[in-house]
Amino acid sequence: MSDNKSARLKSLDKDYNFDIHEGAVGPSVIDVSSLYAQTGQFTYDPGFTSTASCKSTITFIDGDEGTLLHRGYPIEQLADKGSFIETCYLLLNGELPSAQQLQEFETAITRHTMLHEQMNRFFHGFRRDAHPMAIMVGVVGALSAFYHDSTDINDPYQRMIASRRLIAKIPTIAAMAYKYSVGQPFVYPRNDLDYAANFLHMCFSVPCEDTHVNPVLARAMDRIFILHADHEQNASTSTVRLAGSSGANPFACIAAGIACLWGPSHGGANEAALDMLSEIGTVDKIPEFVARAKDKNDPFRLMGFGHRVYKNYDPRARVMQKTCHEVLSELGIKDDPLLDVAMELERIALSDEYFIEKKLYPNIDFYSGITLKAMGFPTTMFTVLFALARTVGWVAQWNEMVEDPSQRIGRPRQLYIGATQRDYTDIKTR
Ligand code: SDX
């Protein structure tokens, strides 16, 4: 990219010029890749609040407007009119599929849902009370020990097979992690079910009776997957890109993304948000917790609130809230005390000066926990479901990084504030 604008920098009494690149939409960038060579200085941006790490065509977020586009399509439209498997095709290929393309893609994914039978033994190495995310990190990383024929990242065909294997097998692995945690036998995927219905089947069916997947819950699950599919260069996606920049195989890169997503500030927030709502318990306790969230001396934060990019309502949270009400209604759950607490907490927080001034709004994790709990998932499975859905985003971003001719191994520098050089002293003299 080259634009005729440039940025001027005056540092240590010298003037420097750097190119400015414009995107299709959103903030332009100042290309500082030659800064160190020109000035002998680094930029400093811990947390990368002002740093664009790459060029991308996959997802665009406008944090001020609260908009999220996947390949240009608004998340609300994809969630309302599309399906998760169609969104996977869009994220991977850049365009919505024709009916034939979608049918071929869905068949290919369906045909990859089974796991190598020998991998079942991996699960039995974990304690029964192991957190399912620990199992996900271990088993997804272990895929590279079973699918050697799709680990050569320089072979486009192998990248395509590995991408499809990851998208297809992640629900099977997630369901197996759940079954293992509740001591029930693993349930094989079925080729006559769609992606979300198949996942619910593998989670909640048992060999002793025929189980019918509720189509309303399957549609809600599918929509929840769409909402979590991709989100620009968030922490876990950046982890996948950085791991991939060294040439690591795709299975290891996605395992690294799962590990990063686990943190309560990121994908672990849905589990933490539900635990927080449970701890609050009743509406009358809300003011005490809001006061704690505002107290600089109290590390407590309202989980499910705030976002690095969104300084407006997270568009996914609105769809998530609507889905939450649909699921509770379908299940005949009239007065869920947690939902009462969540809605009152949202009302209070959105009218509180502290949250208004810091532009803290509910994010996607605020309502997802209530929905998933109502569907029968334990809180420990919430981040697993986030990882399941985000796998397609990680895979699409990983492919874009590998195919970018300008990509190099990611290797940030630092501002060193430690000891300067000094000589070793004999222990007798210390
Ligand atoms: C996800 O990046 C992505 O796109 C992530 C994600 C995705 O799809 O991949 O959207 C998924 O991770 C959503 C976020 C889930 N996390 C949570 O809900 C955890 C609670 N939220 C926060 O921890 C926080 O808001 C973050 C981590 C999400 C964002 O942190 P930032 O951008 O680093 O902001 P910050 O921590 O610097 O906060 C700015 C100010 C601070 O106050 P001051 O120091 O300026 O006085 O806002 C305050 C914070 O104390 N603040 C909160 C708060 N979040 C921020 N105060 C109370 N409760 C909160 N939730």
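**Around the ligand and into the core**

The shell of residues around the ligand is a mixed bag: nine are nonpolar, eight are polar and seven are charged. Keep in mind that this is a predicted model. Among the 24 residues in that shell, the ones that come nearest to the ligand are His231, His307, Arg308, Arg316 and Arg390.

Two of these arginines have polar side-chain atoms by the ligand's oxygens. For Arg316, a polar side-chain atom sits 2.6 Å from an oxygen atom of the ligand. For Arg390, the distance between an N or O atom of the side chain and a ligand oxygen is 2.7 Å. The backbone plays a part too: a polar backbone atom of Phe305 lies 2.9 Å from a nitrogen atom of the ligand. As for how covered the ligand is, on its own it would expose 1,100 Å², and the protein buries 78% of that.

Next comes the nonpolar interior. The largest nonpolar core holds 121 residues, and the members touching the most others are Phe199, Met221, Ile370 and Phe377. Helix α18, which runs over residues 382–403, supplies the largest share of this core, with 14 residues. Phe199 shows what such contacts look like: setting aside neighbours within four places in sequence, Phe199 is in contact with Pro171, Ala174, Ala175, Met221, Phe225, Phe377, Leu385 and Leu388.

Finally, there is a histidine in a strand. His21 belongs to strand β2, residues 14–21. His21 counts as buried because its relative accessible area is 8%, which is under the 20% cut-off. The side chain of His21 also makes a polar contact of 3.2 Å with the side chain of Asp31.

Terms used
Residues are numbered from 1 along each chain as its sequence is written. This is a predicted model: local features need pLDDT of at least 70, side-chain atom pairs count only at pLDDT 80 or more; totals for chains, interfaces and linings use all residues. Side-chain values use heavy atoms; hydrogens and water are left out. A nonpolar core is a set of buried Ala, Val, Leu, Ile, Met, Phe, Trp, Tyr and Cys residues joined through side-chain atoms within 4.5 Å. Buried means under 20% relative accessible area, exposed over 50%, partly exposed in between (1.4 Å probe, protein chains only). Helices (H or I, at least four residues) and strands (E, at least two) are DSSP runs, numbered from the N terminus. Contact means heavy atoms within 4.5 Å. A residue is near a molecule or strand if one of its heavy atoms lies within 4 Å of it. A polar contact is a pair of N or O atoms within 3.5 Å; within protein, one must be able to donate a hydrogen and the other to accept it, and residues adjacent in sequence count only if both atoms are side-chain atoms. Accessible areas come from the Shrake-Rupley method with a 1.4 Å probe; for residues, only the protein chains shown count as cover. Ala, Val, Leu, Ile, Met, Phe, Trp, Tyr, Cys and Pro count as nonpolar, Asp, Glu, Lys and Arg as charged, and the others, Gly among them, as polar.
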